[in-house]
Amino acid sequence: FRTPVEATDSVLMTPLGAACQVGRSSLLITTNESKVLIDCGINPGVSDPKLSFPRLDLDVFDLEMLDAVIISHAHLDHCGYLPKLVAQGFKGKIFCTPGTRDLCTLVLPDSAHIQEEDAAFANRHGFSRHKPALPLYDEAQARQVLPQLRVAAPGRSLRIGEATVSFRRAGHILGAASIL
């Protein structure tokens, strides 16, 4: 399920998440000149930590070689791994719509807070397999993502390497967009 698929002679698509599951959407698009990650999600609400927050399969590329991340919308299964990606060293731009940016400023720190509370609860009651149970990321790490968010208005094109990217309103949630 992580086998690259050749989309054209010069475009390679590699799924890094969402294989055999609903969450963890993440797709690496590689061209001759650029590497772009489409979405960067977690699998929220799953009780097994191995399924909820598995390490995104980032071994297929060097984070410094990643040109940009593009987020389709602010549900955690599409943006929830961003704090971990930034904590692991990604310093590039994260493109999204204005609505997605606004929701990410609320959703990512809230997700971290819930994870911290869940880890504390698991440690108090001793039911975690991990000693100690830890959140995937904390609120400070979630807030480190926010300065890297760049707004791309729906209908406007942006260039990333030789690729032209644009967002088309999707109507899923506030700010959701199909990525073209």
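**View 1. Val151 in strand β7.** Val151 sits in β7, the strand made of residues 149-151; strands here are DSSP runs of E, at least two residues long, and helices are runs of H or I, at least four long, both numbered from the N terminus. What you are looking at is a predicted model, so local features need pLDDT of at least 70, side-chain atom pairs count only at pLDDT 80 or more, and totals for chains, interfaces and linings use all residues. Residues are numbered from 1 along each chain as its sequence is written, and side-chain values use heavy atoms, with hydrogens and water left out. Val151 comes out as partly exposed, at 39% relative accessibility (buried is under 20% relative accessible area, exposed is over 50%, and partly exposed is in between, with a 1.4 Å probe and protein chains only). Setting aside neighbours within four places in sequence, Val151 has contacts with Cys96, Thr97, Pro98 and Arg101, a contact being heavy atoms within 4.5 Å. Ile94 is 57 residues from Val151 in sequence, yet their C-alpha atoms are 8.4 Å apart.

**View 2. Pro147, in the loop that comes before β7.** Look for Pro147 in the loop between α5 and β7. Pro147 is exposed, with a relative accessibility of 58%. Ile94 turns up here too: 53 residues separate Pro147 and Ile94 in sequence, and 9.2 Å separates their C-alpha atoms.

**View 3. Asp110 on helix α4.** Helix α4 covers residues 98-125, and Asp110 is part of it. With 42% relative accessibility, Asp110 is partly exposed. Measuring along the sequence, Asp138 is 28 residues from Asp110; in space, C-alpha to C-alpha, the two are 9.6 Å apart.

**View 4. Ala74 and its contacts.** Ala74 belongs to the loop that links β5 (68-70) and α2 (76-79). Is Ala74 buried or exposed? It's buried, at 3% relative accessibility. Leaving out residues up to four places away in sequence, Ala74 touches Cys79, Thr100, Leu103, Cys104, Val107 and Ile173. One of these, Thr100, is 26 residues away along the chain, with 5.3 Å between its C-alpha and that of Ala74.

**View 5. Cysteines without a disulfide.** A disulfide is a covalent bond between the sulfur atoms of two cysteines. How many disulfides does the model have? The count is zero, taking a disulfide as a pair of cysteine sulfur atoms within 2.5 Å. Cys40 is in none, and the nearest cysteine sulfur, that of Cys79, is 8.9 Å away. Cys104 has its closest cysteine sulfur in Cys79 as well, but at 4.0 Å that is too far for a bond. Cys40 is buried, at 0% relative accessible area, and Cys104 is also buried, at 0%.

**View 6. Two backbone oddities.** Most residues other than glycine have a negative phi, and most peptide bonds are trans. Asp39 goes the other way, with a positive phi near 65 degrees. Asp39 is in the loop between β4 and α1 (49-52) and is buried, with a relative accessible area of 4%. The second oddity is a cis peptide bond between Lys131 and Pro132, where omega is about -5 degrees. Pro132 is in the loop between α4 and α5 (139-145).

**View 7. The second largest pocket.** Rolling a probe the size of a water molecule over the atoms shows where empty space is left. The second largest pocket has a volume of about 160 Å³. A pocket is an open set of points on a 1 Å grid over the protein atoms alone, where a 1.4 Å probe fits and protein lies on both sides within 12 Å along at least five of seven lines; lining residues have an atom within 4 Å of a point. Grid points are joined across faces, edges and corners, and the volume is the space filled by probe spheres set on the points. Among the lining residues are Ile29, Thr31, Ser34, Val36, Ile38 and Ile70. Which strand gives the most to this lining? That's β9, with three residues; β4 (35-38) and β9 (163-169) each supply at least two. By class, the lining has nine nonpolar, three polar and no charged residues (Ala, Val, Leu, Ile, Met, Phe, Trp, Tyr, Cys and Pro count as nonpolar, Asp, Glu, Lys and Arg as charged, and the others, Gly among them, as polar).

**View 8. Zooming out to the chain.** The chain has five helices and 10 strands. Of its 180 residues, 43% count as buried. Take the contacts between residues at least 6 apart in sequence: 59% of them join residues at least 24 apart. The chain exposes about 9500 Å², with carbon and sulfur atoms supplying 54% of that; accessible areas come from the Shrake-Rupley method with a 1.4 Å probe, and for residues only the protein chains shown count as cover.
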